[in-house]
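Let's take a walk through this one together, starting with a bit of vocabulary and one strand pair before stepping back to the whole chain.

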Amino acid sequence: MNVLVSDRRLELLVCWLSEDLNYRVRSIEAASSDASFRRYFRVRHERGCQVVMDAPPERETTESFVRNAALLGNAGIRVPKIFAQNAALGFLLLEDFGTRLYADGLNEASADALYLQAMDSLFRLQSEVDVVATPLPAYDKALLERELSIFRDWFLQETLALACPQPVWQALQALLIDSALQQPRVCVHRDYHSRNLMIVKDDGPPGVLDFQDAVIGPLTYDLVSLLKDCYVRWPQASVERWLRQYFGRLLDAGMVDDDFQRFNRWFDWMGLQRHLKAVGIFSRLHLRDGKAGYLQDIPRTLGYIADVCSAYPELQEFNAFLQQSVLPAYRTTP
């Protein structure tokens, strides 16, 4: 058996597969890791190939993943089948969707078709999950405030040694949170982007990953995660075309009224909230967790922030702070 990573967790994983599940393991290789403490391994054995999630119980839980997999699967979303689980050890044996992320397959020729499929799945997520009956938590004011504070604490303070003037920060928070809470409530994946969508071999709907943190919240959150992706950027004309296509679908379903200007503002301001949070998370991953790879995604994400702040008069004060203090300090950061 070829084991590429050797550690105590991996030894426990192999023992679980071979002794509890009676697999003759032929090889294990690292499949991926994410921004949490979870890891994924691709396991080949005499019956095929599957993926094991390793979620250390002292750091993570498998409970929400299992619950949400059932919830999303019942709504018609293509989530990985769960073949076996050991909650005490923090292991799940999952369907293998392959190795092709949307992030790897997106280009000018493929983007329209891939985004159409992704928006089809997103529409099912938003229209088929019962927001009243679901056990998912609410994306409420407290959570929105905590997420915004990640930008302030980890990017402004820890990375740039800056402090946003309190009146400016409070006004920004109030504006973005009020906009988010005004929106129709749907099931929100929270990380619906090109690194969590898989191109599956049968050319069917995308495989959807990393849904364990799903909540009930704003209609535009996952849409802006997809179309203003922190890991790939498209021309504004393409983003607007996809946005209008999706708006038309929501309108036909009676999920929004015909005020596209308001919907577009919701979309932009939701994106601003998400991108501020993401910049803070990228900084925290580097400073606290030693994951420097996410630093390369900060310039793209700051670009989205700057675009929205310059487009709306309501954001003028924060835009001045951004242009006069934040961006110059970032450009001189080692």
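First, a term: two strands count as paired if DSSP finds at least two bridges between them. Keep in mind that this is a predicted model.

With that in hand, look at Arg42, which stands opposite Val51 in S4. Those two residues belong to a strand pair worth tracing: S3 covers residues 39-45, S4 covers residues 48-54, and the two run antiparallel, joined by 7 bridges. How many residues lie between S3 and S4 in their hairpin? Just 2 residues sit there.

Now, what surrounds S3? Of its 7 residues, 5 are buried, meaning under 20% relative accessible area, so S3 is largely enclosed by the rest of the structure.

Time to zoom out. The hairpin's two strands are part of a chain that has 11 helices and 10 strands. Why does the radius of gyration fit a compact globule? For 334 residues, such a globule would come out near 20 Å, and the chain has 21 Å, so the two agree. Measure along the principal axes and the C-alpha trace spans about 65 × 50 × 40 Å.

As for the inside, 52% of the 334 residues count as buried. Take the contacts with a separation of 6 or more: 71% of them come from residues 24 or more positions apart.

On the outside, the chain exposes about 15,200 Å², with carbon and sulfur atoms supplying 49% of that area. Last come the charges: there are 36 positive and 43 negative ones, and their mean positions are 3 Å apart.

Methods. Residues numbered from 1 in each chain as written. Predicted model: local features only at pLDDT ≥ 70, side-chain atom pairs only at ≥ 80, totals over all residues. Heavy atoms only, no water. Helix = DSSP H or I, 4+ residues; strand = E, 2+ residues; numbered from the N terminus. Rg over C-alpha atoms; globule rule 2.2 N^0.38 Å. Buried < 20%, exposed > 50% of the residue type's maximum accessible area, 1.4 Å probe, protein only. Contact = heavy atoms within 4.5 Å. Areas by Shrake-Rupley, 256 points an atom, 1.4 Å probe, with all protein chains shown as cover. Lys, Arg positive; Asp, Glu negative; His and termini not counted. Charge placed at Lys NZ, Arg CZ, Asp CG, Glu CD.
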